[in-house]
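Trainee: Got a minute to go through this one with me? I'd like to get the basics straight before we go into details.

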Amino acid sequence: MAKTSFATLLARVGLDWFILALVGMIGLAKLWPEPGLQEGPLSISSLTNYGVSLIFFFYGLKLNVDQLKAGLRNYRLHLLIHLTTFVLFPALVLGARALLVSPETALLWTGIFYVAALPSTVSSSVVMVSIANGNMPAAIFNASISSLIGVFITPVWMSVLLSANNNQFDLQGVILKLSLQVIAPVVLGLLLNKKLGWFSEKNKTALRYFDQLTILLIVYTAFCESFHLNLFRNYSALDLLLLTAGMLLLFFVVFGFVLVVSRWLHFSREDRIAALFCGSKKSLVQGSVMVKVLFPPTAVGVILLPIMVYHALQLIIASILAKAMVNWQPAPQPVKVESNT
């Protein structure tokens, strides 16, 4: 009974076992880093690479082409979501660069910019839109397309940043590697959707756990390396608190911007909800995958920290907002008065 009540309490504030497990992986990496430092074809690091390809294969397997086509028509909604995801987010973080960057915090700020450059998350965006009774076809379309666009846009943004810092960055090599690890499995899954799509639907709960387990292992190995090299020695509890406050501010600024613009564009209630949740979210799955390709292993733990914080915050806040939006009513339409003259 107590266990059920505790789980219910966590669900009410948007927390679940996965967020707590992420924190647990960091603690485990601190206390027992040796397994995560091992190399070889059967090491944890290698197994996560295989797991990532399977994640995106099953992601392609459950994509429904008809649902994607249904969401294709609303171009204004698509433009708002993707411009917010890939332009507004990076612009806001770049604008705050002077306030955030110092020699001690440069790597952490790179992680913050990495959050801004990432695509929108898929599953939680669609779930939140569903809870709030928003436009589901549009949510599925935009969340899915965002992940594929991010394979190309995120490396471009990071190449701009790292090249400006005089760091070598092989953009073509990175995109090729991500295409093989992400795009190719998605395409293969999509091609097999009609024959095997039932499998992903029938086992969606097990596949979700598989996704989460893979991410937990990626986080564990990343932090094992970072703790082994003592990369967190320059960061205090105050730095973590400021990071959390900054991620919280970033979420609400973007959320408020999308809300204002969607009202200005006279979006329907359903479209407005889809824009809010798809435009304000960032993908921990994509972040965990790309970080291993974009950055050296020695930096991965610090780079991942901001997206982990943002992921936890967006789940908590979005869960609360989605439940509140169920009671949203469409804006009253003005009544036209016809003249008799």
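Mentor: Sure. First, how helices are assigned here: they are DSSP runs of H or I with at least four residues, numbered from the N terminus. And keep in mind that this is a predicted model.

Trainee: Okay, so how many helices and strands are there in the chain?

Mentor: The chain has 17 helices and zero strands.

Trainee: And how much of the chain is buried?

Mentor: Buried residues are 48% of the 341 in the chain. The chain exposes about 17,400 Å², with 67% of that supplied by carbon and sulfur atoms.

Trainee: What about the largest nonpolar core, how many residues does it have?

Mentor: It has 90 residues. Among those with the most contacts inside it are L22, F56, Y114 and M158. Helix α17, residues 300-325, gives the largest share of this core, with 16 residues.

Trainee: Which residues does Q286 touch, leaving aside its neighbours within four places in sequence?

Mentor: Q286 is in contact with F56, Y114, L118, P119, S147, V151 and V182. F56 and Y114 are also on the list of residues with the most contacts inside the largest core. Q286 itself lies in helix α16, residues 284-294.

Trainee: Is Q286 buried or exposed?

Mentor: Buried, because its relative accessibility is 1% and the cut-off for buried is under 20%.

Trainee: Switching to the surface: which residues form a nonpolar patch there?

Mentor: Y75, L79, L83 and V87 do, and together they have about 420 Å² of accessible area. L79 lies in helix α6, which covers residues 75-95.

Trainee: Why does L79 count as partly exposed?

Mentor: Its relative accessible area is 48%, so L79 falls between the buried limit of 20% and the exposed limit of 50%.

Trainee: And Y209, where is that found?

Mentor: In helix α13, residues 204-228. Y209 is partly exposed too, at 41% relative accessibility. Y209 and F18 are 191 residues apart in sequence, yet 9.3 Å apart in space, C-alpha to C-alpha.

Trainee: What share of the contacts with a separation of 6 or more comes from residues 24 or more positions apart?

Mentor: They account for 87% of those contacts.

Trainee: Last topic, cysteines. How many disulfides does a search of the whole structure find?

Mentor: Zero. As for individual cysteines, C224 is buried at 0% relative accessibility, and C278 is buried at 1%.

Definitions and conventions
Residues are numbered from 1 along each chain as its sequence is written. This is a predicted model: local features need pLDDT of at least 70, side-chain atom pairs count only at pLDDT 80 or more; totals for chains, interfaces and linings use all residues. Side-chain values use heavy atoms; hydrogens and water are left out. Patches are made of residues with over 30% relative accessible area and no salt bridge: like charges are joined within 9 Å, nonpolar side chains (Val, Leu, Ile, Met, Phe, Trp, Tyr) within 5 Å. Accessible areas come from the Shrake-Rupley method with a 1.4 Å probe; for residues, only the protein chains shown count as cover. A salt bridge is a side-chain nitrogen of Lys or Arg within 4 Å of a carboxyl oxygen of Asp or Glu. Helices (H or I, at least four residues) and strands (E, at least two) are DSSP runs, numbered from the N terminus. Buried means under 20% relative accessible area, exposed over 50%, partly exposed in between (1.4 Å probe, protein chains only). A nonpolar core is a set of buried Ala, Val, Leu, Ile, Met, Phe, Trp, Tyr and Cys residues joined through side-chain atoms within 4.5 Å. Contact means heavy atoms within 4.5 Å. A disulfide is a pair of cysteine sulfur atoms within 2.5 Å.
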